[in-house]
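These are my notebook entries on one structure, written for a reader who is new to it. I set down what I looked up, topic by topic.

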Amino acid sequence: MDYFDIFVSIMGSAIRLSIPLLFTALAGLFSERAGIFDIGLEGKMLASAFAAACVAYWTGNAWAGLGAGIGTAILFSLLHGFASITNRGNQIVSGVALNFVAAGLTIVLGTAWFQQGGRTGQVPPSGRFSAITLPGADLVREVPIIGPLYANVVSGNNLLTYIAFLMVPLSWWVLYRTRFGLRLRAVGENPGAVDTAGISVTWLRYRALIVTGFLAGFAGTYLSIAQSAAFINNMSAGKGYIALAALIFAKWKPVPVMFACLLFGFLDAFANFMQGKSLPLIGEVPVQIFQALPYILTCVLLAGFIGVARPPKAGGVPYTKER
Amino acid sequence: MNTASVPLPAWINYGVIPLLNLLLAFFFSGLVVWAIGENPFDALQLLLIGALGRGEGIGFTLFYTTSFIFTGLSVAVAIHAGLFNIGSEGQAYLGGLGAALVALALDRYVPWYVTMPFAVIGAALFGAACAAVPAWLQAKRGSHVVITTIMFNFITSSLMNYLLVRVLIVPGKMAPESRTFLPGGQLQKLDWLISMFGGKLGAAPLNFSFLIALVMCFLVWVLIWRTKLGYEMRTLGISPTAASYAGIPYAKTVMITMLISGGLAGMMALNPVMGASARLQIEFVGGAGFVGIAVSLMGRNHPAGIVLSALLFGILYQGGAELSFDMPNITRDMIVVIQGMVILFAGALEYMLRPAIVRAYQKIGGK
């Protein structure tokens, strides 16, 4: 295999690995820009992966699975909102709590329902989002350089992958070109001003969280019924936190979020590829370095060594209307 | 009417409200048990018998309690200074390295009580080291400590993974763990404590670090409420601007607080590493760092409360393990659900019932 083929195969797997990050980071984008910290992204992803796998297994319909995934993630989002908006509870604590609830519930319910130690049943092909071959992929495969890239990286992904990339400009448009987006960003910076303008801070933040749940639902669904064909214990395996890191790394902006997720996905794919191989000059690099790299990069960024990451000003502070 | 500013007596704030929140958490956990077709009351009974029924059960319960006291204290110290340290998990993990290095170096030469003080220092130093970078980033660069400590949980996990798989592993063995410590690197089991009450410890790994944990509770109480540093930390926690006016150095206080917090988390490693398995194992912390958040919240960040809530979680852990033997339909992960519910109701939703209670209080005797 020459270097180009290796590159194509790593890129292909980088894309596949970055999709759940992309959905989740965009999900976090909406809640954090509205001033609600969301540590619970991991839990939302896990819960929706479980719900999607269950429903897809029972109905054999991938869309029903997607619906269940989204519904579950929105439910978790609303719980987060009930705790942190309505009851002015600590957003971090609420996120941690929801992560625990999701981690526990998925195993407890999964074991009780499927008797396979937390695994759900194998989802039938009709219940999955399978790979789509884009038109012309087979025709251009022989064209040098562009051909393999198009056929193996751009084409041959499942529908959710393409939706993920569509969500990037869509998120940008919603955040920067709609009234809802303007108000959402304002409520994350200065909720008092938004309140003075006669707009309900509570309702606005709840809507932001619903969007968050909607996007996180896609991420979970992708994990269980697009990337694999069943739910497995602790399937999200920290991806929610990497997505959070990507969100921060991208300085809370939609297009950079995409590049950050691709970068982190690439690191992951590269680590898989490097397992047991050695680099010229350096020798064998421990895979753990690649696993830690997204977090190290994010810390370096947060330290202000690569530009400044400035979080939304009102993030993490419950809004109290003056009386 | 706005009820947030109405003062309530301490017995309601620290007694009634946490208790009601706890009941709610158990009610919803019970619903889950009921939903998978088991009787919640039978489950509760089995859980309590499993945790407190015999000497061995009590030994296991107190073993888990020990870990949770350390991580609970770690979270609480940081919270008093207004810092949310959710890196206790990683700090405890790295603390295990400190304890293990001391044990590996000394266990051939000296008895356990000589190794112990060095191990305590080693664990605390390594735990503090893990908290040092997030602390510095918060103090000097203003990066949010919550985010950096999350990142450090993962960085530590990768580092420890590497060390255990490549460096500390016993040559020729498959399991990524260090060699077993000789008795000189193991903490004493507390058989005598349990037999004082007429029980038998059996196989339970309750060990000397339980007593260290209790001493740390006292020291944390002294630190927070009886020293200048503790006063400065609390001032900073309540109002950073007031602290700055009073001439309390922000960066220094943040650094010291986080180092203490990390050190306490690191000491948690003594319990599983030197007290129970007598070797450094992969992922030995097993979520105790996150449980510390719940423990601290439930215990209202006070050492006495932390002991009680650590005991509660110890009972849940041990009882939950026993429960999964008796009711195979309920897996051990039911504990995780209960934990989540407790954090949700006692932590995030702690103010949910307050308005109703204020109204009830005013109606009955107040005004």
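**Notebook: charged pairs, aromatic pairs and the contact between chains**

Entry 1, charged pairs. I looked up Asp38(A) and Lys44(A) and found that both are buried. Their side chains form a salt bridge, with N and O 2.4 Å apart. I note that the model is a predicted one. Over all chains I recorded a count of 5 salt bridges. As a general point, side chains of opposite charge can pair when their charged atoms come close.

I then turned to chain B. Asp107(B) and Arg179(B) meet through their side chains in a salt bridge of 3.1 Å, N to O. Asp107(B) sits in the loop between α4 (88–106) and α5 (112–141) of chain B, and Arg179(B) in the loop between α6 (145–167) and α7 (191–196) of chain B, so this salt bridge ties together parts 72 residues apart in sequence. I checked the exposure of each partner: Asp107(B) is buried at a relative accessible area of 4%, whereas Arg179(B) is partly exposed at 25%. I also noted a salt bridge between Glu56(B) and Arg54(B), whose closest N and O atoms are 3.9 Å apart. Glu56(B) is partly exposed, its relative accessible area being 25%.

Entry 2, aromatic pairs. I recorded 27 aromatic pairs over all chains. Why does the pair of Phe23(A) and Phe218(A) count as stacked? The ring centres lie 5.1 Å apart and the planes stand at 15°, which is under the 30 degrees required, so the pair is stacked. Phe23(A) belongs to helix α1 (residues 3–33) of chain A and Phe218(A) to helix α10 (residues 201–227) of chain A, so that the pair links parts of the chain 195 residues apart. Both Phe23(A) and Phe218(A) are buried.

I looked up a further stacked pair, Trp58(A) with Phe114(A), at 5.9 Å centre to centre and 15° between the planes. Trp58(A) lies in helix α2 (residues 41–59) of chain A and Phe114(A) in helix α4 of chain A, 56 residues apart. Phe114(A) is buried, with a relative accessible area of 11%. I found Trp58(A) and Phe114(A) in one aromatic cluster that also holds Phe50(A), Tyr57(A), Trp113(A) and Phe231(A).

Entry 3, surroundings of Phe218(A). Its relative accessibility is 6%, and Phe218(A) therefore counts as buried. Leaving aside residues up to four places away in sequence, I listed what Phe218(A) touches: Phe23(A), Leu66(A), Ile70(A), Leu160(A), Ile163(A) and Met167(A).

Entry 4, helix α11(A). I found 11 of the 11 residues of α11(A) buried, so this helix is largely enclosed by the rest of the structure. Just after α11(A), Lys251(A) has a positive phi of about 55°.

Entry 5, the contact of chain A with chain B. I recorded 45 residues from chain A and 42 residues from chain B in this contact. The buried area is about 3800 Å², and carbon and sulfur atoms give 79% of it. Phe100(A), Val108(A) and Gln288(A) supply 17% of the area that chain A buries against chain B, more than any other three residues. How many salt bridges join chain A and chain B? The count is 0. Residue pairs in polar contact between chain A and chain B, both at pLDDT 80 or more, also number 0. On the side of chain A that touches chain B, α3 (62–86), α4 (91–114), α11 (239–249) and α13 (287–302) each give two or more residues. The largest share, 16 residues, comes from α4(A). I classed the residues of this side as 30 nonpolar, 12 polar and 3 charged.

Technical notes
Residues numbered from 1 in each chain as written. Chains lettered and ligands numbered in written order. Predicted model: local features only at pLDDT ≥ 70, side-chain atom pairs only at ≥ 80, totals over all residues. Heavy atoms only, no water. Contact = heavy atoms within 4.5 Å. Buried area = accessible area lost by both parts, 1.4 Å probe. Salt bridge = Lys/Arg side-chain N within 4 Å of Asp/Glu carboxyl O. Polar contact = N/O pair within 3.5 Å; in protein donor to acceptor, adjacent residues only side chain to side chain. Nonpolar A, V, L, I, M, F, W, Y, C, P; charged D, E, K, R; others polar. Phe/Tyr/Trp six-rings, centres within 6.5 Å; stacked < 30°, edge-to-face > 60°. Buried < 20%, exposed > 50% of the residue type's maximum accessible area, 1.4 Å probe, protein only.
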